[in-house]
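Trainee: I would like to go through the terms used for this model and check each one against its cut-off. Where should we begin?

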There are 2 protein chains.
Amino acid sequence: MGKPNLSKGEMEIARVLWEIGPAAVRAVHEATCQQRDIDFSTVQTYLRRLEAKGYATSTLQGRIRIYAAKEKPQAVIRDTVNDLVTRLFGGNAMPLVRHLIEEQSIDADDISELKQLVSQLEETRNDSPEDRETRS
Amino acid sequence: MGKPNLSKGEMEIARVLWEIGPAAVRAVHEATCQQRDIDFSTVQTYLRRLEAKGYATSTLQGRIRIYAAKEKPQAVIRDTVNDLVTRLFGGNAMPLVRHLIEEQSIDADDISELKQLVSQLEETRNDSPEDRETRS
DNA sequence: TTGATTCACGTACAAGCGTACGTGTAGACT
DNA sequence: AGTCTACACGTACGCTTGTACGTGAATCAA
């Protein structure tokens with residue numbers, strides 16, 4: 001029952017939609033082709049499919065059809081990343097985190113944020129009684 | 001030139017192949033269906049396609065065909081994650097890291113490793129002269 | 001030796017995907 | 001009014017994916 005999956009191409013367009021908010025095909029196309037050569041019609045098709053799959057809505061504003069994202073990015077991101085972690089890492093998230101930290105471009109600001117995130121996580125762990133059982 | 005992409009299903013099988021090393025279809029199937037209900041023939045097809053795409057090799061050992069991964073996991077992981085980061089996060093890796101740390105199951109051991117990784121990264125940054133230009 | 005089991009291998013087939021063209025029409029320009 | 005332009009919408013098409021069946025050969029059990 002959960003909506004059908006998004007393909008890679010569809011995801012790309014969905015992300016742009018989230019980023020720029022409700023927009024006409026042209027706007028989405030312009031934002032997208034900034035980064036990648038892609039035909040107007042192709043974007044249009046993706047938007048149509050996005051709507052067909054329930055990830056976007058659209059209304060006619062005069063003659064122009066305006067598309068808007070329907071699902072929150074969080075949900076889609078969670079599902080997608082979960083799937084990736086399952087298939088490529090057998091369900092264990094750490095290898096992916098490791099990979100990202102080691103191989104991807106993380107700048108100085110990111111490092112401080114990371115440090116913060118980690119300490120935060122540490123705290124949360126300490127005063128959550130649910131984890132008591134973990135301490136065998 | 002670069003080998004064609006792996007689909008999700010193919011990736012799943014590729015991961016198993018990396019994990020258990022060179023193996024017959026049956027072994028791969030058994031390892032896989034531990035986690036997911038999947039037909040023997042389906043696994044077989046995936047292995048064939050993996051070979052067709054250049055990600056695996058196979059040889060007949062008697063009557064049994066043994067498949068072995070060809071590419072190193074690293075390369076495939078890098079490409080796949082890169083693609084995901086591009087499409088879903090517009091090329092910025094941090095949101096994904098954040099997501100993983102916040103939403104996925106990271107246990108106590110992982111936290112210490114993370115702390116280590118981050119400090120290591122910090123060091124590397126400090127004595128790498130290449131980054132000098134970054135300091136405007 | 002005969003029947004059952006186990007494979008490899010070819011084949012299938014519908015749905016999904018990436019990419020795009022063509023046609024018709026509604027405003028914009030002249 | 002006539003032409004240009006931009007857009008919606010339908011349609012297309014070859015490729016990939018997910019999933020699997022059937023056939024024939026080889027091996028094992030009796």
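Mentor: With the names of the elements: helices (DSSP H or I, at least four residues) and strands (E, at least two) are DSSP runs numbered from the N terminus. This is a predicted model, in which local features need pLDDT of at least 70 and side-chain atom pairs count only at pLDDT 80 or more, while totals for chains, interfaces and linings use all residues. Residues are numbered from 1 along each chain as its sequence is written, chains are lettered from A and ligands numbered from 1 in the order in which they are written, and side-chain values use heavy atoms, leaving out hydrogens and water.

Trainee: What follows H3(A), and what is the sign of its phi?

Mentor: A:Gly54 follows H3(A), and its phi is positive, near 90 degrees. In chain B, B:Gly54 comes just after H3(B) with a positive phi of about 90 degrees.

Trainee: How do you know that the length of H3(A) agrees with what is expected?

Mentor: The expected span of a helix is 1.5 Å times one less than its number of residues. H3(A) has 13 residues and should therefore span 18 Å; its end C-alpha atoms are 18 Å apart, which agrees. H3(B), also with 13 residues, reaches 18 Å from first to last C-alpha, close to the expected 18 Å.

Trainee: Which residues of H3(A) are called buried?

Mentor: Buried means under 20% relative accessible area, exposed over 50%, and partly exposed in between, with a 1.4 Å probe and protein chains only. In H3(A), A:Val43, A:Tyr46, A:Leu47 and A:Leu50 meet the buried criterion. Seen down the axis of H3(A), they fall within an arc of 100 degrees, so they line one face of the helix. The arc is taken over the directions from the helix axis to the C-beta atoms.

Trainee: Why do residues three or four places apart point the same way in an α-helix?

Mentor: An α-helix has 3.6 residues a turn, so residues at that spacing point the same way.

Trainee: What do the buried residues of H3(A) pack against?

Mentor: They pack against H1, H2, S2 (56-61) and S3 of chain A. Contact here means heavy atoms within 4.5 Å.

Trainee: Why is A:Glu10 called buried?

Mentor: A:Glu10 has a relative accessible area of 4%, so it falls under the cut-off. A:Glu10 lies in H1 (residues 8-20) of chain A. Leaving out residues up to four places away in sequence, A:Glu10 touches A:Asn5, A:Tyr46, A:Arg49, A:Leu50 and A:Lys53.

Trainee: Is B:Gly2 buried or exposed?

Mentor: B:Gly2 is exposed, because its relative accessible area is 61%. B:Gly2 sits in the segment before H1 of chain B. B:Gly2 and B:Gly54 are 52 residues apart in sequence and 9.8 Å apart in space, C-alpha to C-alpha.

Trainee: What is found at the start of H3(A)?

Mentor: A side-chain oxygen of A:Asp39 reaches to within 2.7 Å of the backbone nitrogen of A:Ser41. A polar contact is a pair of N or O atoms within 3.5 Å; within protein, one must be able to donate a hydrogen and the other to accept it, and residues adjacent in sequence count only if both atoms are side-chain atoms.

Trainee: Which residues come nearest to DNA strand C?

Mentor: A residue is near a strand if one of its heavy atoms lies within 4 Å of it. Of the 20 residues around DNA strand C, A:Ser7, A:Arg49, A:Arg63, B:Arg26 and B:Arg65 come nearest. Sugar and phosphate make up 57% of the atoms of DNA strand C that come within 4 Å of the protein.

Trainee: Which polar contacts involve DNA strand C?

Mentor: Among them, a polar side-chain atom of A:Lys53 lies 2.7 Å from a phosphate oxygen of DNA strand C. A side-chain N or O atom of B:Arg48 is 3.2 Å from a base oxygen of DNA strand C.

Trainee: How does the surface near DNA strand C divide by class?

Mentor: Ala, Val, Leu, Ile, Met, Phe, Trp, Tyr, Cys and Pro count as nonpolar, Asp, Glu, Lys and Arg as charged, and the others, Gly among them, as polar. By that rule, the surface near DNA strand C has 3 nonpolar, 6 polar and 11 charged residues. H3(A) gives the most to this surface, with 5 residues.

Trainee: Which element supplies the largest share of the surface near DNA strand D?

Mentor: H3(B) does, with 5 residues. A phosphate oxygen of DNA strand D is 2.6 Å from a side-chain N or O atom of A:Arg65.
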